[in-house]
Every structure is written in structure tokens, then in C-alpha cells.
Amino acid sequence: MALIRIEDAVKRYGDVLALNNVTLSVDKGACLALVGESGSGKTTLLRAINRLTELDSGRVAVRGQPVGAIDPVQLRRSIGYVQQDGGLIPHWTCLKNAALVPALLGNHDASERGRVALGAAGLDPATFASRYPRELSGGQRQRVAIARAVAAEPDILLMDEPFGALDAITRNEAQESFAALRESARVTAVFVTHDLREALRVATRVAVMRAGQVVMESAAGEIVRDATGYAAELLEKSGVAR
Amino acid sequence: MNGGRRPAAAVLAACAVWAAVAAADRAAAQTTPIVVASKPFAESYLLAEAFAQVLESHGYPVDRRPGFASTELVFQALVRGDVDVYPEYTGTGLAAILGETAAGGSAEVFRRVSDTFLARWGVRWLPPLGFENTYAIAMRRTAADSLNLRTLTGLADAAPELGGGFSPDFMGRADGLDGLTAAYGIEFRETRSLLQAVKYQALAEGAVDVIDAYSTDGAISRHDLTVLADDRRFFPPYDAAPLVSGDFYDSRPEAVLALARLAGRVDVEAVRRANERIEVDGAPVAEAAARLLADIGLSEAGLENAEGERAQPNRSPRRSTLLALPAYMWGERAELAGQVARHLLLVLVSLGAAILVALPAGVALERRRSIAEAVIRTAGLLQTIPGIALLAFMIPVFGIGVAPAVVALFLYSLLPILRNTYTGIVEAAPDAVSAGRALGMTEVQLLTRIRMPLAAPVIMAGVRTAAVINVGTATLAAFIGAGGLGDPIVAGLALSDPVMILSGAVPAAILAVFGDWTLARAESLVAPSGVRS
């Protein structure tokens, strides 16, 4: 069953066609990686899901409901979101950052949920709860950002190049712990990355985007076999052996 | 004013003042104080004080507002009825206000200005006091003698070798430097603008060779100067007379009559002596004015007591050293305390209003970034207007006193607060703002929980800048009768009294430094903990 359904999505920025008739769906429990070079439209597509971007035409439905009919603030609180630079609130402790969405939702146990989420993201709450973002490493900050995204236990998680700024080793660890977290939380995820290798490590399905269009979509395990044309080129560039 | 040292004394003093006021109330039917103003030079202070003492001796309460920055400012205030009377000179009325050139002698000029002023503004010239104070082009006697100069015609030949130093007023008006150079063909090697307070010093030390002085100036004899004869009669007659507003003339006829009693009785010798007392001996203006009135037989009982000195800065005998400053300030402590309080009022009210306007405006501009630059530039433009000019622009709308000063200071404060608020909000962790929005924070939550706390130190720095600018600029408010620490500065400049200047400048500087320090503390206190370095 499709938890997220995108049909004929079109978005223009001036003369640039960022999304050109994109149709995609993400099944419950799946992790779809949107792969492509910068300017291919993958982030625009991601942001259409929680209405950070409003489409010029086309439809987006989440949990069977058109997003246009849902108050954007309520919609966003029900969907986890992680961006590349983490975007932690600098004058809040890690715990307060992690507990943001439960607190916005008025949960009385927001703080407790934040603690649990920090643990789930691989950070010991006893050590990290009272620290401020500037006291953390890049990898730790990204883990807090993930904890914040999952603290309210959303069924959908949107990730926009979440590990793009990390060094190779930290990045590997982050990818692995994200994959584990996703499994255990049974969350449906859309994961934007320009790195096909990363896509193959974290995703169950991969959609390759170019110039606002999806040029290929398949199961993660089949893409190496099926790729042709641009997707094959991209595989080549990413250094994935065929 | 002597401050009460103990509460009981203060209460007694208050009762005494109240009793005096109540008595005056019964005695005089009209109790609205008569506003007496002057321009910023010693003789204008002297005559205004003489007017005030005459009025007080007839039982009228007086509000003294000496030291207006220029003819234009004080005349505007008179036309509006904010000032009731100030001493003016017929030649200045003709040339500086009407923009006409001299036509005939004293009587013709007086007739011309009184008819025209009445017709055009409803303003009245009372009969002249009886002496003339014309511009006097003066040189060091030794220099004039060595060049054998006696007249302005003679000066024309020597001028290319000479440097001139003239008051800004003189350089800017038709009957001043421009007219003079045209009439005599005088071309100086260089000319520079010098304040009254430093002109004589500059001449004595040879920094300039020629200055504009006033013919009744006590300093002419003190510095041993030669006044060059106006052999082509370029300068119009400058007969001194009280200039009164139409309202005052119509509604207070007895007070007008009291002032008119001065007509023709003030001779040039008496004025020169009074000017000398102020400028050479360092006598208080109130005392010099009282003696002037006594000299010309107008002294009334009670003039010699301290009553007349109340609102006027006291002056100790000419002080040769700045060591006299602490003692002088201690003697003036009650007056200074009032001026500090007024200064703080001007600064705090204008700053508060600027915060109330600029803070929300800066926040709102964040949502309208396309016009933000233009709005901030406009606020910046306001700040490039010189303080005194901005104050002058305020008079036609707000009159004189506290209101126009507060508005001007408010306008000055806008830019730093607006710019810092906008910058602080825009630059407050944009990535955290975008993440917060993506996770369902509302715009209000983004503002109050992320942007404002992070921008607070930057905004506070803007407030701090505005406060320091304000404390300094507020000293100029004295030029439009708003009081504050500018009062002793302006009076000291007019009377060439460095100790008096410092008695205003030093507290103003202390206020600025203290304000800056306090707000710097506040700035670090509002910095949110996670980002405090």
C-alpha cells in the first residue's frame, strides 16, 4: 500500500522546470532514495511531500489524504525531517532539540521521548542531553537531528542529504545506524542523495532523477543489473562495480 | 538654584517656592511664564537676561531659553509664538531675515523692518534700546599698524596675503562675508569658519589675521585689536531692540510696556562695560545684567538678590585653570542634577520610542527582504542630516523645547536599532529556522523561540549604539530650548568659558560611557547560553 503518492508533479522556478511531470509512490515501510546531481529536482520533490514546496500542478497524497487538505504545520509535525546541515537550534540543549516535535505537539512526556530518541540515534542521553550543539562533532550533531526527526515516532521520515557533510568514516557509521533505526522503527523514508552508493546502502528502492524527471526507478538490489543510459553513467561515476 | 541638603530643607524650600508662586499668582493676573530667548553670544545672553529681570521686577514669571543656535531658529520659534521675546538687531532683521541690503540710516532701516515684519509675520519690533552693535572687522593692532591699515578699502589691497577667520553665521549671510568681499573687492588668501569662543584666541595667536567681531565686544579692548572702518558703509545699522511675537504683543500689553521702558536708555558704553564684565571678568550674566540695569537707572528693588540668577548658569570669577572645574560643578550641583535629569529624559524617551518602532519594523522587514534595503537606507539618510539641521527642521512642526528634540533624537536612533534588528533576525541560524519550519514550528514560534533569542545580542548592540549617539546629540537640544547638559555647553561656548563648557561636557561624557557599559552588560546577559562565547 502506497503511503506517499505523487502524481504529475510540476514545479517551475522562473524559467527553470524543477519538476517535470513526476509520478512516484512509496510503499509503507519502504525507503526510497532519490538520486541525482544538483539541480535534478530531488530536493524540490522531497519538500513537496510536507508542503515546504507548493506544486504548480499535480497531486501529493500522504496516508491516502491529499496534502493540500492538511494544515501544513500539522502535516509537518507528523513527518520527520532531517536536512544536510542538521539545523539544530544552537541555543537549545541536545535534549531540548530532540524533544522539539513532541513538545510542539503538547506531549507531557516530550522530554522522555527526546531521551529515548537520542538513545535510538546512538547517543547516550546521560552524556549528551545537556550539551549544546556547538559542543558536538558533525556526526553527533547529525545524530541529534535524526533523534529530533523520530522523537514523535512519525510514520514518515524525509531525509535531505543528511550525511552529505560528514567525512567518509563517520558517514559509513551514520548510514549503518540509520538503516538499523529505520528497520526497528518501521518508518517509511524518502532519502535524497547525490551518491548512488549511499542510496544502495540505505534504501530499498532507488529513483534516479535528471532535469526534473525520474529517469529510472527500481528496487535497490536490481538497479546495478537494470541500469542503462544515464543511470548506468551515474553508477560508473559513483564507483559502483557492475 | 541651591539644592536642599536635607528632605526637611527641601520641603521648606518647596513651601517657600509655593508661597512665592501663590503670591505672584494673586499679584499678576497672568501667570503663564514669558518665554525670553537669546542667540548664542554673550551680548544676546546679556540683553535677554536684562529683559527677563525687567519683566520679573514687574511681577511676571519668566521662562529663560537662552542660546538658540542661530537667527533662523530663534526667529522661527518667535513667529510660532513658542518664544515671546528675544533681542535682535535691525540690520540682522533686514539682511539675514528679509534678505535685503542696507537702505538708508538707522531710522529708515527700523521703519523698514518693523513694517515688513508686522505685515509678513505679525511680529513686532519694540523701540530700539539705544545702542548699535555692528559687525566690526578687526585685526591685531600690531599687524594693522605694520600694514598701515585703517579702513576696509585698505584691507582689499592687503587681503591676498591675509587669512580670515569668521563665525559660521557671518560666513553664511548676505550682509556677511560674501557681501563684504563683493562690496570692497576683498579676496583673502584663505578663510575659515571659527566659533565665537575660539575666534579671538585664534587671532591673538596669529592663526588668522582678520576676524569679524561685534563693535560692543569687550574682547576688542582686551586683545588690543584695531577695528577697520567701514568707509563705504557696507554694513547696515544694527540697532538692538526687543523683537516680540504678535500673540505676546496683543495679549500682554503691560508686559510689553515694561519692556518698552528700556527704549533709548541703553547706551553703548553701558553695554560695552557689561560685555566686558562677562567676557573679561567672568561675571555671571545675571549679575552683569543687573548692573547694566542699575547703570541706566532702571534697577528695581530686589534685582540684586539671587532671584534673577535662578535659571541662569552661575559663573565664578574668570577661572584660569581647569582645576576650578570640580568646585564649579559642586557649586552648580542642583542645576547640573536638573540638567542630567532632563538629558536622561530626552535620551530615554526618544530611545524608548525608537525601540517601539524600529524593533517591530526590523522584524517585519525580514518577511519583505526586497524592500528592506531601501527602508534601511532611508533610515540611514536621516542619520546623515547634521544634528543641528535636523533640530531646525523640527521647529516648524513641533515648536521648541522637549518635543522637537525628542522627535529628532528618535529619528537618529531608528537606524542602528532597525539595521541591527533586521540583520540579527536574518542572520539568526537560518539552517535552524528552516529545520524548525520543516518540523512544524509556526512562524511565530520561529520568531519567538529561535530568531529573537539569537538576535537579542545584536539588537541590544544596536540599542547601545543608538543610546551613545543620543547622549551626544542631546547636547545639541539646548540650541532649541530643550535644556539638558547642552545648556552649560552652549552658554559656555557663547561666553568663552571653558569651565562652564566642561561642566556640561564632562557629565555628558560620563553618561555616554556609563550607558555604554550598562548596555554592554545587558548585551552579554541577553546572549542565549548555548551560543555565549
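User: How do I read a domain split?
Analyst: Domain bounds come from an automatic or database domain assignment. In this structure, chain A is divided into domain 1 (1-79 + 156-241) and domain 2 (86-153). This is a predicted model, where local features need pLDDT of at least 70, side-chain atom pairs count only at pLDDT 80 or more, and totals for chains, interfaces and linings use all residues. Residues are numbered from 1 along each chain as its sequence is written, chains are lettered from A and ligands numbered from 1 in the order in which they are written, and side-chain values use heavy atoms, with hydrogens and water left out.

User: How far apart do the C-alpha centres of domain 1 and domain 2 of chain A lie?
Analyst: They lie 24 Å apart. Contact means heavy atoms within 4.5 Å. Eleven residues from domain 1 of chain A and eleven residues from domain 2 of chain A take part in the contact.

User: How is the size of an interface given?
Analyst: It is often given as the accessible area lost when the parts come together. Buried area here is the accessible area (1.4 Å probe) that two parts lose on being put together, summed over both. Domain 1 and domain 2 of chain A bury about 950 Å² between them. Carbon and sulfur atoms account for 71% of it. On the domain 1 side, A:Arg77, A:Leu157 and A:Leu181 lose the most area to domain 2 of chain A, together 53% of what that side buries.

User: How many salt bridges and polar contacts are there between these domains?
Analyst: A salt bridge is a side-chain nitrogen of Lys or Arg within 4 Å of a carboxyl oxygen of Asp or Glu. Between domain 1 and domain 2 of chain A the count is zero. A polar contact is a pair of N or O atoms within 3.5 Å; within protein, one must be able to donate a hydrogen and the other to accept it, and residues adjacent in sequence count only if both atoms are side-chain atoms. The rule finds three residue pairs in polar contact across this interface (both at pLDDT 80 or more).

User: Which element supplies the largest share of the domain 1 side?
Analyst: Helices (H or I, at least four residues) and strands (E, at least two) are DSSP runs, numbered from the N terminus. In chain A, α8(A) gives the largest share of the side of domain 1 that touches domain 2, five residues.

User: Now the two chains. How many residues of chain B and chain A are in contact?
Analyst: 21 residues of chain B are in contact with 24 residues of chain A. The area buried between chain B and chain A is about 1,800 Å², and carbon and sulfur atoms give 64% of it. In chain B, B:Ala438, B:Leu439 and B:Gly530 lose the most area to chain A, together 34% of what that side buries. Chain B and chain A have zero salt bridges between them. Six residue pairs are in polar contact across their interface (both at pLDDT 80 or more). The largest share of the chain B side, six residues, comes from α21(B).

User: What sign does phi have in most residues other than glycine?
Analyst: Most have a negative phi. B:Asn148 has a positive phi of about 55°. B:Asn148 lies in the loop between α6 (141-147) and α7 (152-158) of chain B. B:Arg233 also has a positive phi, near 50°. Its loop runs between β9 (225-228) and β10 (240-244) of chain B.

User: Is B:Asn148 buried or exposed?
Analyst: Buried means under 20% relative accessible area, exposed over 50%, partly exposed in between (1.4 Å probe, protein chains only). B:Asn148 is at 61%, so B:Asn148 counts as exposed. B:Arg233 is exposed too, at 66%.
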